[in-house]
Amino acid sequence: MYGKTGVDFPQRIVCLTSETTEIAYLLGRGDRVVGVPGTARRPEAARDKARVGGFTSFRVDKILALEPDLVLSFSDLQADVVRDLIKAGVTVLCTNQRSFEEVLGAILLIGGALGREGEARALIQDIRDEVKQIREYSSVWPDRPRVYFEEWHAPLIAGIRWVSEMIEMAGGRDIFTELRDRPNASGRVVEPAEVVRRDPQIILASWCGKPVERDAIAARPGWEQVTAVRERQIHELEGADVLSPGPSLMVGLRRIHEIIQEFQAANR
């Protein structure tokens with residue numbers, strides 16, 4: 001990247017995911033963002049930027065027309081558009097975080113690329129401080145409820161690693177912790193009967209942009225035996241709050257903690 005007086009930080013940034021958009025704005029580079037995905041909702045100012053496509057369906061010509069000197073991307077699911085952009089001579093920074101700690105690392109990496117390392121470190125510290133407070137609050141609870149997070153319903157897909165870790169931070173116990181190290185959704189497919197056997201006390205669901213059908217979950221064969229179904233502890237979470245690996249995960253963490261806190265109060 002070159003400015004009028006030589007090497008400079010990126011001046012025209014295109015973000016291909018909602019979390020990279022949010023990070024750029026939170027670090028004070030929103031004025032340099034020229035393109036965002038259709039999923040970008042935070043901050044509200046980002047909605048006025050040019051739209052370049054969806055999470056996996058992008059128009060390369062639209063991106064190139066914006067003349068970006070940096071494109072921010074996420075995950076192997078965007079490998080095709082990243083390849084095409086690199087072939088077109090565009091600089092791309094693609095992160096591939098799966099754990100909560102890797103999310104913080106991605107914030108720092110992007111901050112460095114945007115010339116905002118100090119701001120990135122400050123944001124990360126704020127996140128760490130709040131996580132610590134939530135952990136300390138929930139540490140006094142004598143019991144941690146069993147929690148099942150459902151990322152998709154056909155087939156059933158359990159939560160990705162950062163979601164599993166957020167459940168623990170909030171004071172719960174993910175019933176499928178052994179699957180958290182499997183980065184791809186195909187490795188986290190679970191059988192309905194196994195969910196019944198593990199008997200979650202709380203069910204959390206976020207179906208990748210599709211509205212969660214709580215009645216349909218409760219009506220699954222044999223699920224009337226599940227404690228969460230009997231106690232009406234089925235909760236929908238906003239995908240932007242739990243499936244977008246960036247600062248908005250803190251919104252999801254607060255909501256999960258609130259749900260578990262209410263559960264604890266009702267079961268004293």
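Which residue is the bridge partner of Gly 35 in E5? The partner is Ala 50.

## Basis of the model

This is a predicted model, in which local features need pLDDT of at least 70, side-chain atom pairs count only at pLDDT 80 or more, and totals for chains, interfaces and linings use all residues. Residues are numbered from 1 along each chain as its sequence is written, and side-chain values use heavy atoms, with hydrogens and water left out.

Helix and strand labels are DSSP runs, numbered from the N terminus: helices (H or I) have at least four residues, strands (E) at least two.

## The parallel sheet

An open sheet is built from 5 strands in the order E5-E4-E3-E6-E7. The pairing is parallel. Two strands pair if DSSP finds at least two bridges between them. E5 and E7 are the edge strands, and each pairs on one side only. E4 and E5 pair in the parallel sense over 2 bridges. Helix H3 packs on the sheet and touches E6 and E7 (contact: heavy atoms within 4.5 Å). The direction of H3 makes about 160° with that of E7. Axes here are lines fitted to C-alpha atoms, for helices over the stretch in contact, and angles run from 0 to 180 degrees between N-to-C directions.

At the other edge, E6 and E7 pair in the parallel sense over 4 bridges. Phe 74 stands opposite Thr 95 in E7. The chain runs from E6 through H3 to E7, a right-handed β-α-β crossover. Right-handed means that, with the strands pointing away from the viewer, the path from the first strand over the helix to the second runs clockwise.

## Faces of strand E7

Strand E7 covers residues 92–95, and its side chains alternate. Leu 93 and Thr 95 point to one face and are buried. Val 92 and Cys 94 point to the other and are not buried. Buried means under 20% relative accessible area, exposed means over 50%, and partly exposed lies in between (1.4 Å probe, protein chains only).

## Helix H1

Helix H1 (residues 18–26) is mostly covered, with 8 of its 9 residues buried. Among them are Glu 19, Glu 22, Ile 23 and Tyr 25. The cover over these buried residues includes strand E3 (13–15), E4, E6 and helix H4 (100–113). Gly 28 follows H1 and has a positive phi, near 85°.

## Nonpolar cores

In soluble globular proteins, nonpolar side chains tend to be buried together. A nonpolar core here is a set of buried Ala, Val, Leu, Ile, Met, Phe, Trp, Tyr and Cys residues joined through side-chain atoms within 4.5 Å. The largest has 47 residues. Those with the most contacts inside it include Phe 100, Ile 127, Met 166 and Leu 253. Helix H11 (residues 249–266) gives the largest share of this core, 7 residues.

Ile 127 touches Phe 100, Leu 104, Ile 107 and Met 250, not counting residues up to four places away in sequence. A second, separate core has 19 residues, including Val 195, Trp 207, Val 212 and Val 229.

## Cysteines

How many disulfides does a search of the whole structure find? It finds 0. A disulfide is a pair of cysteine sulfur atoms within 2.5 Å. For Cys 15, the closest cysteine sulfur is in Cys 94, 13 Å away, so the pair is too far apart for a bond. Cys 15 is buried, at 0% relative accessibility.

For Cys 208, the closest cysteine sulfur is also in Cys 94, but at 18 Å, again too far for a bond. Cys 208 is partly exposed, at 48% relative accessibility. This residue sits in the loop between strand E11 (202–205) and helix H8 (214–218). Its phi is near 50°, a positive value in a residue other than glycine.

## Backbone details in loops

Ser 75 also has a positive phi, near 80°. Ser 75 lies in the loop between strand E6 (70–74) and helix H3 (79–87). At 2% relative accessibility, Ser 75 is buried.

Two cis peptide bonds deserve a look. One joins Arg 42 and Pro 43, with omega about -10°. Pro 43 is in the loop between strand E4 (33–36) and strand E5 (50–51). Another joins Ala 154 and Pro 155, with omega about 5°. Pro 155 is in the loop between strand E8 (146–153) and strand E9 (156–158).
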